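Colleague: I should like to go through this model with you, one point at a time. Please give the reasoning before each value or name.

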Amino acid sequence: MKCAVCSRKLQRAKLRYIVKINTFAAYDTFEITLDDLFKNYDTTIKKLLTSLRKKSKKALEEEIFKNFKFYLCKKCRNEYIKNPLGKRVKRLKKLKA
Ligand SMILES: [Zn+2]
């Protein structure tokens, strides 16, 4: 097992870290009105199906959910937690000012 950043070999009994990242589509609650029940959705559904058929199963799954799991050494983990989203430092300083 190696650190995903620096490729340093990670030994089982030694301190190492796991980074798990789950991304999934957010949604808002949907309220169905009486008008919604009487609308004709044929065209909408056909367009949706057409667009879905153009995408691979994997691409569709990744639009909804994608997860990652990495092993990091202590040094790389300490760097990672300083900026887990990989934002540029200049931009972060500007936001904090
Ligand atoms: Zn490392």
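Colleague: Is Lys82 buried or exposed?

Modeller: This is a predicted model, and the count for Lys82 is 8 other C-beta atoms within 10 Å. A residue is exposed if that count is 12 or fewer. Lys82 therefore falls in the class called exposed.

Colleague: Where is Lys82 found, and how many Å in space separate it from Phe65?

Modeller: Lys82 sits in the loop between α4 and α5. Along the sequence, Lys82 and Phe65 are 17 residues apart. From C-alpha to C-alpha, their separation in space is 25 Å.

Colleague: Gly86 is found in a loop as well; how many C-beta neighbours inside 10 Å does Gly86 have?

Modeller: The loop that holds Gly86 runs between α4 (74-80) and α5 (89-96). Gly86 lies 68 residues from Ile18 in sequence and 17 Å from it in space, C-alpha to C-alpha. Gly86 counts as exposed because its C-beta neighbours inside 10 Å number 6.

Colleague: What pattern does the chain follow when read along the sequence?

Modeller: The chain has 5 helices and 2 strands. Taken in sequence order, these elements give the pattern β-α-α-α-β-α-α.

Colleague: What is the radius of gyration of the chain?

Modeller: Along the principal axes, the C-alpha atoms fill a box of roughly 60 × 40 × 25 Å. For 97 residues the globule rule gives 13 Å, and the chain is well over that, so it is more spread out than a compact globule. The radius of gyration of the chain is 22 Å.

Colleague: What percentage of the residues of the chain count as buried?

Modeller: A residue needs 20 or more other C-beta atoms within 10 Å of its own to be buried. Of the 97 residues of the chain, the share that meets this is 3%.

Colleague: How many residues of α2 are buried?

Modeller: Helix α2 covers residues 42-53 and has 12 residues. From its first C-alpha to its last, helix α2 reaches 16 Å, close to the 16 Å expected at 1.5 Å a residue. Helix α2 lies largely in the open, because the number of its residues that are buried is 0.

Colleague: In which sense do β1 and β2 pair, and over how many bridges?

Modeller: Strand β2 comprises residues 65-72. Of the 8 residues of β1, 0 are buried, so β1 lies largely in the open. The pairing of β1 with β2 is antiparallel, over 8 bridges.

Colleague: Which residue in β2 is the bridge partner of Asn22?

Modeller: The residue in question lies in strand β2. Leaving aside neighbours within four places in sequence, its contacts are Lys20, Ile21 and Asn22. Its C-alpha atom is separated by 5.4 Å from that of Ile21, 46 residues apart along the chain. The bridge partner of Asn22 is Asn67.

Colleague: Is Asn67 buried or exposed?

Modeller: Asn67 has 9 C-beta neighbours inside 10 Å. The limit for this class is 12 or fewer. Asn67 therefore counts as exposed.

Colleague: Among contacts between residues at least 6 apart in sequence, what percentage join residues at least 24 apart?

Modeller: One contact in the chain is that of Asn67 with Ile21, which are 46 residues apart along the chain. For contacts between residues at least 6 apart, the share joining residues at least 24 apart is 82%.

Colleague: How many Å apart in space are Thr33 and Arg16?

Modeller: Thr33 is in the loop between β1 and α1 (34-38). Thr33 counts as exposed, with 8 C-beta neighbours inside 10 Å. Thr33 and Arg16 are 17 residues apart in sequence, and their C-alpha to C-alpha distance is 52 Å.

Colleague: What value is phi of Ser7 near?

Modeller: Ser7 belongs to the segment before β1 (17-24), and is exposed, with 10 other C-beta atoms within 10 Å. Most residues other than glycine have a negative phi. For Ser7 phi is positive, near 70°.

Terms used: Residues numbered from 1 in each chain as written. Predicted model: local features only at pLDDT ≥ 70, side-chain atom pairs only at ≥ 80, totals over all residues. Helix = DSSP H or I, 4+ residues; strand = E, 2+ residues; numbered from the N terminus. Expected span 1.5 Å × (residues − 1). Rg over C-alpha atoms; globule rule 2.2 N^0.38 Å. Contact = placed C-beta atoms within 7 Å. Pairing = 2+ DSSP bridges.
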